[in-house]
Amino acid sequence: AFFISRRWGRPVVYKLLSDKEESLLPKIIEYAGTTRGMFHLCCTFFGFSELIAYGAGLSTIRYPKFIAILMPLSMVGASILIGIGSTFGARGDSMTPFILVPLVMLGGGLIGFYFFVKKEKKKALLDNKGETSVQAKS
């Protein structure tokens with residue numbers, strides 16, 4: 001899907017979209033072509049690998065970078081789905097939900113906290129730079 005999309009994707013997509021949607025598409029494709037955008041795309045649509053490959057093919061991201069992002073995230077997503085699915089097996093005594101759900105919630109909370117702290121540090125650094133440049137001028 002990646003190479004098919006890379007070769008023939010844009011003309012087909014532009015034929016299917018209206019004028020209003022067409023103006024938004026380049027912004028989305030540009031964002032998906034970045035490492036951060038591809039990471040977001042993979043986390044959002046981890047169950048739809050063909051959709052991810054098609055979206056990546058429309059962007060300018062290189063194939064090795066695409067695979068390097070897609071494979072680890074797909075393995076994590078598949079593991080989570082398999083863990084959830086195993087709770088509905090023939091045995092009703094599985095402890096997986098009692099272990100898996102808190103671990104997933106904890107992991108998501110830690111990742112969210114990490115990005116929040118990183119953003120706040122960056123904001124504080126930019127604020128401090130602005131204050132020092134104002135003080136230097138006066």
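## An all-helix predicted model

The protein has six helices and zero strands. Along the sequence the pattern reads α-α-α-α-α-α. The model is predicted. The protein has 138 residues, and 20% of them count as buried. Among contacts with a separation of 6 or more, 58% join residues 24 or more positions apart.

### Helix α3 and cysteine 42

Helix α3 covers residues 35-44, and its buried residues are Gly37, Met38, Leu41 and Cys42. Viewed down the axis of α3, these buried residues fall within an arc of 135 degrees, so they line one face of the helix. Arg36 and Thr44 are exposed and sit on the face of α3 turned away from the buried side. There is a general background to such patterns. An α-helix has 3.6 residues a turn, so residues three or four places apart point the same way.

Which residues does cysteine 42 touch, leaving aside its neighbours within four places in sequence? The contacts are Ile52, Ile69, Leu70 and Leu73. Cysteine 42 belongs to helix α3. The relative accessible area of cysteine 42 is 2%. That value is under the 20% limit, so cysteine 42 counts as buried. Isoleucine 52 lies ten residues from cysteine 42 along the chain, and their C-alpha atoms are separated by 6.6 Å.

### Helix α5

Two of the contacts of cysteine 42, Ile69 and Leu70, are also among the buried residues of α5. The buried residues of α5 are Phe66, Ile69, Leu70, Gly77 and Gly83. Helix α5 runs over residues 63-86, which makes 24 residues. At 1.5 Å a residue, α5 should span 34 Å. The end C-alpha atoms of α5 are 33 Å apart, which agrees with the expected span.

### Aromatic pairs

How many aromatic pairs does a search of the whole structure find? The search finds two. A general point helps in reading the table. A pair of aromatic rings is described by the distance of the centres and the angle of the planes.

| Pair | Centres apart | Angle of planes | Class |
|---|---|---|---|
| Tyrosine 63 and phenylalanine 66 | 6.1 Å | 45 degrees | tilted |
| Tyrosine 114 and phenylalanine 115 | 5.3 Å | 65 degrees | edge-to-face |

Consider the tilted pair. Tyrosine 63 and phenylalanine 66 are three residues apart in helix α5, so about one helical turn separates them. Tyrosine 63 is partly exposed, at 36% relative accessibility. Phenylalanine 66 is buried, at 2% relative accessibility.

Now the edge-to-face pair. Its planes stand at 65 degrees, and an angle over 60 counts as edge-to-face. Tyrosine 114 is partly exposed at 48% relative accessibility. Phenylalanine 115 is partly exposed too, with a relative accessible area of 44%.

### The largest pocket

The largest pocket holds about 680 Å³ of space. Its lining comprises 19 residues, and those closest to the centre are Phe39, His40, Cys43, Ile111 and Phe115. Phenylalanine 115 thus appears again, here as one of the residues closest to the pocket centre. Which helices each supply at least two residues of the lining? They are α3, α5 and α6, the last covering 96-137. The largest share, eight residues, comes from α6.

Helix α3 therefore has two entries in this account: one face is lined by its buried residues, and α3 also supplies at least two residues of the pocket lining.

Key
Residues are numbered from 1 along each chain as its sequence is written. This is a predicted model: local features need pLDDT of at least 70, side-chain atom pairs count only at pLDDT 80 or more; totals for chains, interfaces and linings use all residues. Side-chain values use heavy atoms; hydrogens and water are left out. Buried means under 20% relative accessible area, exposed over 50%, partly exposed in between (1.4 Å probe, protein chains only). Helices (H or I, at least four residues) and strands (E, at least two) are DSSP runs, numbered from the N terminus. The arc is that of the directions from the helix axis to the C-beta atoms. Contact means heavy atoms within 4.5 Å. The expected span of a helix is 1.5 Å times one less than its number of residues. Rings of Phe, Tyr and Trp (its six-membered ring) pair if their centres lie within 6.5 Å; planes under 30 degrees apart count as stacked, over 60 as edge-to-face and the rest as tilted. On a 1 Å grid over the protein atoms alone, a cavity is a set of points where a 1.4 Å probe fits but cannot get out, and a pocket is an open set with protein on both sides within 12 Å along at least five of seven lines; lining residues have an atom within 4 Å of a point. Grid points are joined across faces, edges and corners, and a volume is the space filled by probe spheres set on the points.
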